[in-house]
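Okay, thanks for having me, everyone. Have a look at the structure on the screen, and I'll walk you through a few parts of it.

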Amino acid sequence: MVRGFTLLFLYIISVSVHAAPTDEQLDNADYLNGKKVFQQRCSACHTLAENSANIIGPNLWHIFNRGVGDDINFRYSDSMSSSDLIWDKELIYKFLRGPLTLFPDSNMIIPEPVPEELLTDMIAFMMIETDA
């Protein structure tokens, strides 16, 4: 019986630790830290501003609430192009934790997933900078 409760407790903890940020967490995020994380980990391949060019990856302006693979000026992998998913904070969170888990043929290779403790700041920064 104790073993069952222990396993349930560990499961609940693991789910809560790896959950997408809440609106409150995003509202209280550290913008400057998010900017730093994005610049260090993402800006070599992605731009955020309206009318900015695609680089190795697509421009992310208005990515939130846009369909996965919807930028007609960028060539996505087959699984992303054919996806019916919509980018929201939960999907972006999952994607940044492991792109190949969601889209096995994704061209986005992250040498190391963004650490959990930096994701909220980075997603909040992205939301502000992409007019979400």
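**A walk along helix α7**

Let's start with α7, where L119, T120, D121, M122, I123, A124, F125 and M126 are buried. Before I go on, keep in mind that this is a predicted model.

So how many residues does α7 have? The helix has 14 residues, and from its first C-alpha to its last it reaches 21 Å. That's close to the 20 Å expected at 1.5 Å a residue. Right after α7 comes D131, and its phi is positive, near 60°.

Now, what do those buried residues of α7 pack against? They pack against three helices: α2, residues 23-27, α3, residues 31-41, and α5, residues 89-97.

Let me zoom in on T120, which sits in α7, a helix running over residues 116-129. Is T120 buried or exposed? Its relative accessibility is 18%, and buried means under 20%, so T120 counts as buried. If we leave aside its neighbours within four places in sequence, T120 is in contact with P21, Q25, L26 and A29.

Next up is M126, another of the buried residues in α7. Again leaving aside neighbours within four places in sequence, M126 is in contact with F38, L60, F64 and I92.

That brings us to the nonpolar core. The largest one has 27 residues, and M126 is among those with the most contacts inside it, together with F38, M80, W87, I92, M122 and I123. Which elements give two or more residues to this core? Those are α3, α5 and α7. And α7 gives the most, with six residues.

Last topic: the cysteines. How many disulfides are there? The count comes to zero. Take C42: it is in no disulfide, and the nearest cysteine sulfur, the one in C45, is 8.4 Å away. Why is there no bond for C45? A disulfide needs the two sulfur atoms within 2.5 Å. The sulfur of C45 is 8.4 Å from the closest cysteine sulfur, in C42, so that is too far for a bond.

The surroundings of these two cysteines are worth a look as well. C42 is buried, with a relative accessible area of 11%, whereas C45 is partly exposed, at 28%.

That's my tour, so over to you for questions.

How values were computed:
Residues numbered from 1 in each chain as written. Predicted model: local features only at pLDDT ≥ 70, side-chain atom pairs only at ≥ 80, totals over all residues. Heavy atoms only, no water. Buried < 20%, exposed > 50% of the residue type's maximum accessible area, 1.4 Å probe, protein only. Helix = DSSP H or I, 4+ residues; strand = E, 2+ residues; numbered from the N terminus. Contact = heavy atoms within 4.5 Å. Expected span 1.5 Å × (residues − 1). Core = buried A, V, L, I, M, F, W, Y, C linked by side-chain atoms within 4.5 Å.
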